[in-house]
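Got the viewer open and a selection box ready? Let's walk through this one stop by stop, picking residues as we go.

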Amino acid sequence: MIRGAVIRLHSSCPENIVFHFVSSSTALYATITTSFPYLNSHLYHFDDTAVSGLISTSIRSALDCPLNYARNYLANLLPLYVRRIVYLDSDLVLVDDIAKLAATHLPDGVVLAAPEYCNANFTSYFTPTFWANPTLSLTFAGRSACYFNTGVMVIDLERWREGEYTRKIVEWMELQKRIRIYELGSLPPFLLVFAGNIGPVDHRWNQHGLGGDNFRGLCRELHRGPVSLLHWSGKGKPWVRLDSNRPCPLDALWAPYDLLRTIESLDTYNYI
């Protein structure tokens, strides 16, 4: 939530930003409006039961949280007048003008844009069962499919609704319940539906992986190049490492934007 204030801080036109928060807790909105009354914001309740029966166990239990799948249903949760959004995970800090990202060009027929990472081993995101099936393995035929991280996306909700992409994602999740075709939470269904047909976004807009890998959460360094967004994807979350006094070096970049820590610091300063 404090990152919403940071997004405004870096914006050239903060009055044009509308925040759409999705949560399974209705109490969140009171926290937002109390802490940041100047944010133009809306809260949408995500019913966990909508997806809980579709979730298959992942390599990391945290990935099985129903709220991780809320991005699948944004076109249904948000009002029809919301035609385009910038989707951002909660474990990131944006340090550039979000209007630049929001202005990303989406070619005709393209529903979303995100940074692609074509050097990643794309086949590893799916099980041997998937690749051994002659029908399933043709899913990516004719598509130059690359890995992309779903924590930062520019989405055309109108095209999403017209193409019924929620249904397409759910169909893959239903298949996963019958035949295990992937291991990693909510990401693979997005790859199955969109990989090879997304708009390009510069890597500066998702310096991801700062939480380390999904098994050990080891410390990571920044990728080379400019940075517009820091993303602690992976097992190691900065707030956990900071609270346990075992931070990684880059967690110091998160600390100023941690709501609880910021409030505690202000209380300490006022007391002194």
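Start by selecting Lys177, which sits in helix α8. Keep in mind that you're looking at a predicted model. Lys177 is partly exposed, with a relative accessible area of 44%. Now show what surrounds Lys177: leaving aside neighbours within four places in sequence, Lys177 is in contact with Gly53, Leu54, Ile55 and Ser56. Add Thr57 to the selection and draw a distance between C-alpha atoms. Lys177 and Thr57 are 120 residues apart along the chain, yet their C-alpha atoms are separated by 9.6 Å.

Stay with Leu54 and Ser56, because they take you to the next stop. How many cavities of 30 Å³ or more does a search of the whole structure find? The search turns up 1. The largest cavity holds about 60 Å³ of space. To see its walls, select Leu54, Ser56, Thr57, Ser58, Tyr69, Met173, Gln176, Arg180, Tyr182, Glu183 and Gly185. Colour that lining by class and you get 4 nonpolar, 5 polar and 2 charged residues.Next, go for the core. Select Leu112, Phe126, Phe148, Ile155, Trp160 and Phe194: of the 49 residues in the largest nonpolar core, these touch the most other members. Then switch on the cartoon and pick out the elements that each supply at least two residues of this core: α4 (74-77), β3 (84-88), β5 (112-114), β7 (147-148), β8 (152-156), α7 (157-163), α8 (165-178) and α9 (187-194). Apart from this core lies another, of 19 residues, with Ile7, Phe19, Ile32 and Trp205 among them.

Zoom in on Trp160. Which residues does Trp160 touch, not counting those up to four places away in sequence? The list runs Arg71, Asn72, Ala75, Val111, Leu112, Ile155, Tyr165, Thr166, Ile169, Phe190 and Phe194.

While you're there, click on Glu164, in the loop between α7 and α8. Glu164 is partly exposed, with a relative accessible area of 44%. Check its backbone: phi of Glu164 is near 50 degrees, a positive value in a residue other than glycine. Most residues other than glycine have a negative phi.

For another positive phi, jump to Asn245, where the value is near 60 degrees, again in a residue other than glycine. Asn245 lies in the loop between α10 (238-243) and α11 (259-271). Is Asn245 buried or exposed? With a relative accessible area of 68%, Asn245 is exposed.

Now for a pocket. Select Arg216, Gly217, Lys235, Gly236, Lys237, Val240, Arg241, Ser244 and Arg246, which line the second largest pocket. This pocket has a volume of about 160 Å³. By class, its lining has 1 nonpolar, 3 polar and 5 charged residues.

Move on to Cys219, in the loop between β9 (199-200) and β10 (229-231). Cys219 is partly exposed, with a relative accessible area of 46%. Leaving aside neighbours within four places in sequence, Cys219 is in contact with Cys248 and Pro249. For a sense of distance, add Val154: its C-alpha atom and that of Cys219 are separated by 28 Å, with the two residues 65 places apart along the chain.

The loop between β9 and β10 also holds Asn206. Asn206 counts as buried because its relative accessible area is 0%, and the cut-off for buried is under 20%. Show the side chains of Asn206 and His231, and you'll find a polar contact of 3.0 Å joining them. Not counting residues up to four places away in sequence, Asn206 touches Pro115, Tyr117, Asn149, Val152, Leu229 and His231.

Keep His231 selected for the last stop, Asp89, where His231 turns up again as a contact, along with Arg71 and Gly151, leaving aside neighbours within four places in sequence. You'll find Asp89 in the loop between β3 and β4 (92-94). Asp89 has 18% relative accessibility, so it counts as buried. Which side chains make polar contacts with the side chain of Asp89? One is Arg71, at 2.9 Å. Another is Tyr87, at 2.8 Å. Arg71 should look familiar from the earlier stop, since Arg71 is also among the residues that Trp160 touches.

Notes
Residues are numbered from 1 along each chain as its sequence is written. This is a predicted model: local features need pLDDT of at least 70, side-chain atom pairs count only at pLDDT 80 or more; totals for chains, interfaces and linings use all residues. Side-chain values use heavy atoms; hydrogens and water are left out. A nonpolar core is a set of buried Ala, Val, Leu, Ile, Met, Phe, Trp, Tyr and Cys residues joined through side-chain atoms within 4.5 Å. Buried means under 20% relative accessible area, exposed over 50%, partly exposed in between (1.4 Å probe, protein chains only). Helices (H or I, at least four residues) and strands (E, at least two) are DSSP runs, numbered from the N terminus. Contact means heavy atoms within 4.5 Å. A polar contact is a pair of N or O atoms within 3.5 Å; within protein, one must be able to donate a hydrogen and the other to accept it, and residues adjacent in sequence count only if both atoms are side-chain atoms. On a 1 Å grid over the protein atoms alone, a cavity is a set of points where a 1.4 Å probe fits but cannot get out, and a pocket is an open set with protein on both sides within 12 Å along at least five of seven lines; lining residues have an atom within 4 Å of a point. Grid points are joined across faces, edges and corners, and a volume is the space filled by probe spheres set on the points. Ala, Val, Leu, Ile, Met, Phe, Trp, Tyr, Cys and Pro count as nonpolar, Asp, Glu, Lys and Arg as charged, and the others, Gly among them, as polar.
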